[in-house]
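Please look through the structure below before reading my points. They are short and can be taken in order.

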Amino acid sequence: MKVVKDQLPPHPGNRINYMVGKMIRIVALIVLLGYLMMVIMVPTNTFSQIWLLTIEEKAKATYFGIQGAPILIYTFTILFVAILGCFYLHLAKTFNKGWRRPMIVKGPLGIVSGIEMVFLTMFITLLIWSFSNYTQNRFITITPESAESVNPVVSKQDVKWQVAALRFGFVGNICFSLLFFPVTRASTVLPLFGLTSEGSIKYHMWIGNLVMIFFTGHGIAYIGFWAVTDQISEVLKWDKSGISNLAGELSLLAGFAIWATALTRIRRKNFEVFFYTHYLYILFVLFFIFHVGISYSYIMLPGFYLFMVDRYLRFLQSRKRVRLVSARILPCKTLELNFSKSPDLRYNSTSIMFINVPSISRLQWHPFTVISNCDLEPERLSVMIKSEGSWSQKLYKDLSFPIAMDHLEVSVEGPYGPASTDFLRHDKLVMVSGGSGITPFISIIRELIFASKTNYIKIPEVLLICAFRNSSELAMLELLLPISETQCSLANLQLKIDAYVTRDKKPFKDSWELRTLLFKSLTTEAPISAILGSKNWLWLVAIISSSFIIFLIIIGLITRYYIYPIDQDFKPVFSSALRISLTMLAMSISIAITASAAVLWNKEKSRRVSNRIHCIESPPPLATLGWYFDAEREMKSVPIVSLSDVTTVHYGERPDLKKFLFDCKESSVGVLVSGPNKMRQEAATICSCGLVDNLHFESISFSW
């Protein structure tokens with residue numbers, strides 16, 4: 001999305017697209033409400049004894065068998081919404097990101113807005129409703145006689161225990177059905193609610209905890225039931241056509257490993273352990289499906305299906321080496337990597353990109369914030385990397401002390417970010433950062449610099465409050481302007497920077513060298529481009545719809561001409577494990593065929609664009625960063641207003657956020673905070689105190 005286009009007088013065609021996009025969003029939300037109603041009714045007798053029987057009767061066919069009803073109720077509905085989301089993003093490309101007043105500032109959930117709290121409460125209520133109805137409806141039918149008829153050694157109380165254990169699994173599956181939506185990076189469902197994948201990671205964490213709590217309760221309760229009723233041998237049971245207990249236990253073990261390594265201390269101190277262990281999700285999902293059977297798995301498969309499409313597209317993009325043009329090395333152990341990109345690649349502020357450097361690790365991918373703007377720098381994409389972990393420290397060391405290094409192999413995935421931004425709707429922007437938290441604000445300021453070139457766009461006043469530990473980190477402010485500074489001007493941007501150095505009492509008079517490395521490009525490397533081209537959302541529609549149709553055809557043919565002839569004796573003899581394997585294989589093949597075809601179709605166009613892009617030459621690096629310390633800064637072309645003119649540096653102090661925010665008298669003030677938890681909680685507390693009503697809080701956090 002171009003900022004300028006959003007502010008131009010509405011063109012009739014744009015108005016039509018906007019209205020059509022709104023209608024698509026309304027239809028999608030209506031379908032989702034219908035789906036939610038179905039989920040609410042599933043635990044009731046009305047659904048099981050009336051609705052489900054009617055649906056099964058209408059969906060009954062030898063081409064799908066018992067799979068027909070769950071495919072229609074669960075999988076088709078969600079994939080239809082995902083397709084509508086693709087059209088919505090292609091046409092409208094605008095949504096409210098959600099600047100909501102915080103309701104809870106401190107706690108295990110972090111900063112939670114009122115809207116999030118409402119939805120969380122509704123979701124917990126749904127889980128309680130489902131569990132209570134499942135158990136109550138089943139408890140009513142349990143009598144001592146019915147319990148004894150099942151097993152003479154099982155009492156009525158034991159049967160209730162078993163029923164409760166089973167219902168724990170049912171409720172856990174409701175959570176499991178939502179687990180993969182927040183981590184689908186190119187999601188078309190999340191934007192319908194004004195969400196992005198990188199901003200929804202916390203929802204994935206919440207849901208993941210609930211999944212493991214319910215599944216753990218399900219497993220422990222069943223093992224206890226078998227132990228009490230002398231059926232402990234059931235632990236190793238793998239039924240050919242029914243429930244496979246051993247598969248469920250293997251799935252739970254894989255889930256335990258993921259759950260344990262996702263704890264905050266392990267995740268942040270041993271990221272590699274967390275990263276590699278998370279690949280056990282493949283076994284977790286696979287053994288779960290073997291445990292419950294393919295028909296019941298269709299409840300959670302829609303989210304996993306969309307995740308598989310996204311994951312395969314990411315795999316195809318990651319196979320390509322991209323062209324790294326230059327790197328700026330800052331004295332505070334920070335890097336700016338500048339890549340060549342296709343002018344057709346569009347992204348927005350606060351986007352992130354995943355980077356892999358094979359010379360450091362072929363398996364590790366790390367997310368970094370994109371600090372460039374695709375309008376200001378149409379053929380360059382830049383990211384900032386702060387050396388805080390072993391991977392980034394190794395990269396900084398290799399580039400800081402290169403031995404004849406003139407080339408670095410890099411692969412990327414992304415960039416991923418919001419479909420649009422709404423920074424211009426405020427009268428003033430107050431951006432508060434701590435340390436490397438300044439990175440998302442660099443891209444916002446560059447976007448505003450580009451927008452300020454247009455006279456008829458109202459640009460909000462910008463106040464950047466940044467806190468650094470020591471003086472060397474002030475060098476990060478250098479990245480507010482692109483490496484080609486002659487294209488930028490701060491004259492039309494009302495920007496004020498208050499920088500706080502907390503550990504140094506006075507400025508150091510020494511100057512630090514800012515180095516720029518230029519890299520050679522290889523013929524095998526290409527500029528970063530969208531994996532599906534400029535019309536990526538329409539291509540995603542084609543992939544989702546065509547892959548699902550191919551999947552249905554394959555499954556229908558297998559069921560009709562292979563499985564049905566074996567099962568037609570009214571006695572299920574076809575192996576459940578083989579049925580599941582064929583279904584998952586058909587799903588993988590259909591996704592691989594359609595996604596590969598779409599990528600190959602766009603590859604030739606991308607190659608032609610790549611041939612037209614020449615290697616970007618970077619200007620000579622600045623000799624020093626002395627301007628931070630009241631020294632003169634030499635440049636070939638100095639803007640009318642330079643960074644030194646708008647920057648005030650405070651030493652030995654911390655910013656008084658309350659004073660800064662309460663002094664904002666504008667009618668609408670966007671407060672963006674990116675930094676440590678304590679800083680974000682402090683700003684959230686001020687914005688939610690109720691003393692002012694013009695502050696609109698937004699926390700930007702990329703720490704998991």
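**Notes on the model**

1. Over residues 95-99, pLDDT (the predictor's confidence in each residue, from 0 to 100) stays under 50. The model has 25 contacts (heavy atoms within 4.5 Å) beyond four places in sequence for residues 95-99. A second such stretch is residues 614-639, where pLDDT also stays under 50 and the model has 56 contacts beyond four places in sequence. Where pLDDT is low, the predicted coordinates should not be read in detail.

2. This is a predicted model, in which local features need pLDDT of at least 70 and side-chain atom pairs count only at pLDDT 80 or more, while totals for chains, interfaces and linings use all residues. Residues are numbered from 1 along each chain as its sequence is written, and side-chain values use heavy atoms, with hydrogens and water left out.

3. The chain has a mean pLDDT of 81. Of its residues, 83% reach 70 or more.

4. Helices here are DSSP runs of H or I, at least four residues long, numbered from the N terminus. Helix H12 (residues 281-292) packs against helix H14 (residues 301-318) at an angle of about 145°, and their axes are 13 Å apart. Axes are lines fitted to C-alpha atoms over the stretch in contact, and angles run from 0 to 180 degrees between N-to-C directions. H12 contributes Tyr281, Val285 and Ile289 to the contact, and H14 contributes Leu301, Phe304, Phe307 and Arg311.

5. Zero disulfides (pairs of cysteine sulfur atoms within 2.5 Å) turn up in a search of the whole structure.

6. Cys374 is buried (under 20% relative accessible area, 1.4 Å probe, protein chains only) because its relative accessible area is 2%. Cys466 is buried too, at 0%.

How values were computed:
Buried means under 20% relative accessible area, exposed over 50%, partly exposed in between (1.4 Å probe, protein chains only). Helices (H or I, at least four residues) and strands (E, at least two) are DSSP runs, numbered from the N terminus.
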